[in-house]
Amino acid sequence: MNPMEGGWVILITLVFAMVLSVVHLPTWMPDWLGWLRPEWIVLVLFFWVVEHPDRLGMVLAWVLGLFLDVLLSEPLGINGLCLAVITFVAWTFYERLRMYSVIQQ
């Protein structure tokens with residue numbers, strides 16, 4: 001991923017998704033609402049892998065998962081493995097997903 005050839009947008013959205021993954025809800029909101037929050041990093045990574053499969057690889061997803069492990073203070077490798085598997089699945093099905101219409105996707 002070369003930042004000089006448009007990689008900045010991908011990098012900024014991935015960093016923003018990592019920030020959104022650690023942001024807490026306001027105290028006046030009920031706690032159960034936190035369960036409805038999406039996994040931002042998974043959504044953004046899946047989008048970019050389907051949109052530009054030649055730019056994002058499994059190694060980048062694994063390193064991003066390691067950063068997420070450190071950010072969330074979880075055991076090292078858990079999120080890295082999950083994000084690498086998600087990247088592999090997105091690589092496997094990206095041509096099929098692009099063939100469908102927006103509503104079917």
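Modeller: Angles over 145 degrees between helix axes count as roughly antiparallel, and this cut-off will be needed for the predicted model discussed here.

Colleague: Why are helix 1 and helix 2 called roughly antiparallel to each other?

Modeller: Helix 1, residues 7-22, and helix 2, residues 40-51, pack at an angle of about 160 degrees, with their axes 8 Å apart; since the cut-off is over 145 degrees, the two helices are therefore roughly antiparallel. Their crossing is right-handed, and the contact is made by residues including Val9, Ile10, Leu14 and Met18 of helix 1, together with Trp40, Ile41, Val44, Leu45 and Trp48 of helix 2. By class, this contact has eleven nonpolar, two polar and no charged residues.

Colleague: What makes the aromatic pair of Phe47 and Trp48 edge-to-face?

Modeller: The structure holds one aromatic pair, and in this pair, formed by Phe47 and Trp48, the ring centres lie 5.0 Å from each other with 70 degrees between the planes; rings pair if their centres lie within 6.5 Å, and planes over 60 degrees apart count as edge-to-face, so both conditions are satisfied.

Colleague: How do you know whether Trp48 is buried or exposed, and how is Phe47 classed?

Modeller: Trp48 has a relative accessibility of 12%, and buried means under 20%, so Trp48 counts as buried. Phe47, at 45%, counts as partly exposed, because that class lies between under 20% and over 50%.

Colleague: Why is Phe67 called exposed?

Modeller: Phe67, which lies in helix 3, residues 58-72, has a relative accessible area of 51%, and exposed means over 50%, so Phe67 is classed as exposed.

Note on methods:
Residues are numbered from 1 along each chain as its sequence is written. This is a predicted model: local features need pLDDT of at least 70, side-chain atom pairs count only at pLDDT 80 or more; totals for chains, interfaces and linings use all residues. Side-chain values use heavy atoms; hydrogens and water are left out. Axes are lines fitted to C-alpha atoms, for helices over the stretch in contact, and angles run from 0 to 180 degrees between N-to-C directions. Helices (H or I, at least four residues) and strands (E, at least two) are DSSP runs, numbered from the N terminus. Angles under 35 degrees count as roughly parallel, over 145 as roughly antiparallel, 65 to 115 as roughly perpendicular and the rest as oblique. A crossing is left-handed if the near helix is turned anticlockwise from the far one by less than a right angle, and right-handed if clockwise. Contact means heavy atoms within 4.5 Å. Ala, Val, Leu, Ile, Met, Phe, Trp, Tyr, Cys and Pro count as nonpolar, Asp, Glu, Lys and Arg as charged, and the others, Gly among them, as polar. Buried means under 20% relative accessible area, exposed over 50%, partly exposed in between (1.4 Å probe, protein chains only). Rings of Phe, Tyr and Trp (its six-membered ring) pair if their centres lie within 6.5 Å; planes under 30 degrees apart count as stacked, over 60 as edge-to-face and the rest as tilted.
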